[in-house]
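The following note is offered to a colleague who is meeting this structure for the first time. Please read it with the sequence and the model in view.

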Amino acid sequence: MSTHLSAALARTKLAANQGHSCTVAGCGRRRSGFHSLCNHHKDKARLYGDPLGKPVHAQEYQDLILQVRELFDSQPDHLCLVASLKAVTAWTAEAAAASGRGQEPFPGAEEVARVLRHGVQPREFLVVLCAFLVFAGQQSQRFAGRQAEDFALSHALFKLAPRPRKFTRNGESSSSIPPKFAALKHVGRYLRQLLAPLAALTRMAVEARDQQKQELQDGMRQPFVAPVVALLKEAQQTIQP
Ligand SMILES: [Zn+2]
């Protein structure tokens, strides 16, 4: 087939695709290019790993960050913690060593190097990532799927340092540059697998503490129940003729 003919065919196919609506249920917008999604959902999928993905705000797992930091501080020699820290430290060092050389050793390495340069230590990486993984495990309905979770995990890490910004011609800063799709996809998936054992142990420890707290609170209430019941009975008897 001549290039002229194949170009004409491509244009026809493109026009046919753009004539259809986006595959997201309830979305009536036209598809974008050869994509099965409209521009709006394509942007969401690119940034959140799913067309129905939503951002997760750090406040949502802030309490967990505090709990996990305290937990790790209380058991600095825990074997799983030590091994995970060693692995994450080596991984961040690899990213930092290659930074600025144009060739990333893995997708997202430049993002990891940026967070490190901002002064965030590998140990803090572990705290935030494990807190996020505990949060994601407890709130799995919050995510459209595994990939959406991975993307959110990458965002949790990448936003530990301010995002690089685009600059306008007169040097004024405008909007921030979003992380690349490949970086969000690779880093989240890699860290989820790497930290799975530590995240599982952390979740168990956090939930055991929550249960202990709950039992303690219930225990505090207990002694007051019996006297209250007795008082109510007494009151009922006095009301009766
Ligand atoms: Zn759509």
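The points below go from the whole chain to one of its helices.

1. The model under review is predicted. Its chain contains 9 helices and 2 strands. In sequence order these elements follow the pattern α-α-α-α-α-α-α-β-β-α-α, with the two strands placed after seven helices and before two further ones.

2. The chain has a radius of gyration of 26 Å, whereas the globule rule gives 18 Å for 241 residues; the chain is therefore more spread out than a compact globule. The C-alpha trace spans about 105 × 55 × 40 Å along its principal axes.

3. Of the 241 residues in the chain, 27% are buried. Among contacts with a separation of 6 or more, 61% are between residues 24 or more positions apart.

4. Helix α8 covers residues 181–194 and has 14 residues. The distance from its first C-alpha to its last is 20 Å, close to the 20 Å expected at 1.5 Å a residue.

5. Which residues of α8 are buried? They are A183, L184, V187, G188 and L191. Viewed down the axis of α8, the buried residues fall within an arc of 105°, so they line one face of the helix. A182 and Q193, on the other side of α8, are exposed.

6. The buried residues of α8 are covered by elements that include α5 (109–117), α6 (122–138) and α7 (146–158). A reader inspecting the model may wish to locate these three helices together with α8.

Conventions
Residues are numbered from 1 along each chain as its sequence is written. This is a predicted model: local features need pLDDT of at least 70, side-chain atom pairs count only at pLDDT 80 or more; totals for chains, interfaces and linings use all residues. Helices (H or I, at least four residues) and strands (E, at least two) are DSSP runs, numbered from the N terminus. The radius of gyration is taken over C-alpha atoms; the globule rule is 2.2 Å times the number of residues to the power 0.38. A residue is buried if 20 or more other C-beta atoms lie within 10 Å of its own, exposed if 12 or fewer, and partly exposed in between; C-beta atoms are placed from the backbone. Two residues are in contact if their C-beta atoms, placed from the backbone, lie within 7 Å. The expected span of a helix is 1.5 Å times one less than its number of residues. The arc is that of the directions from the helix axis to the C-beta atoms.
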